[in-house]
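Trainee: Could you take me through one part of this model up close? I'd like a single connected walk-through rather than a list.

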Amino acid sequence: MAIDLNKLKADAQNKSKENKAFLTKLKKKKPKDLDDHSQRLHHEVFSYTDCLECANCCKSISPIVIDRDIDRLAKHLRIKPSAVIEQYLHLDEDGDYVFNETPCPFLMPDNYCMVYESRPRACREYPHTDRKRFSQISALTYQNTFVCPAVFDVVEGLKLIYD
């Protein structure tokens with residue numbers, strides 16, 4: 001199934017208020033079965049979503065890069081951790097390391113990641129829709145509905161269950 005990022009942006013914008021209110025309500029209610037439903041929906045959505053076809057996360061947002069990630073990238077690239085910071089990273093307004101630019105400097109033209117095995121933890125865990133205590137990341141989930149078609153679909157699925 002082809003991924004239409006323009007349609008995603010339009011759909012996410014059209015449902016912006018609805019999704020924000022829904023996710024805020026979920027965070028307050030914290031249904032006991034929320035993690036089960038979000039993980040089931042995550043697996044269902046990723047049965048038809050191809051990240052390599054999209055790569056919008058790599059093209060439009062930067063992960064937080066922690067010290068362990070810097071060390072792993074340095075080893076992979078065969079450079080010193082200080083060189084990883086100097087060449088690829090800067091501190092954002094929250095004091096977190098993020099990539100200097102988007103798209104990600106390691107994203108190749110075919111949407112593969114040239115440091116895939118050594119990619120930052122945030123990249124490994126993205127889009128976070130299968131994590132435990134899903135209600136704790138409602139603000140992040142809301143933001144990700146504008147970036148990731150899978151997140152948008154998971155939220156739509158959760159609305160069918162809880163609305």
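**Two histidines and the core**

Mentor: Let's start with H43, which is exposed, with a relative accessible area of 55%. Keep in mind that we're looking at a predicted model. H43 is found in helix α3, and if you want a sense of its place relative to N6, the two are 37 residues apart in sequence and 24 Å apart in space, C-alpha to C-alpha.

Now slide along to H37, whose place is in helix α3. H37 has a relative accessible area of 19%, and because buried means under 20%, H37 counts as buried. Skip the residues up to four places away in sequence, and H37 touches L158, I161 and Y162.

Two of those names, L158 and Y162, come back in the largest nonpolar core, where they are among the residues with the most contacts inside it, along with F22, L23, L26 and L34. That core has 18 residues. Helices α2 (16-29), α3 (34-45) and α10 (149-162) each supply at least two of its residues, and the largest share, six residues, comes from α10. As background, nonpolar side chains in soluble globular proteins tend to be buried together.

F22 is a handy residue to click on here: leaving aside neighbours within four places in sequence, F22 is in contact with V155, L158, K159, Y162 and D163. So much for that core; there's also a second, separate one of 13 residues, which includes A74, Y88, L107 and V115.

Key: Residues numbered from 1 in each chain as written. Predicted model: local features only at pLDDT ≥ 70, side-chain atom pairs only at ≥ 80, totals over all residues. Heavy atoms only, no water. Core = buried A, V, L, I, M, F, W, Y, C linked by side-chain atoms within 4.5 Å. Buried < 20%, exposed > 50% of the residue type's maximum accessible area, 1.4 Å probe, protein only. Helix = DSSP H or I, 4+ residues; strand = E, 2+ residues; numbered from the N terminus. Contact = heavy atoms within 4.5 Å.
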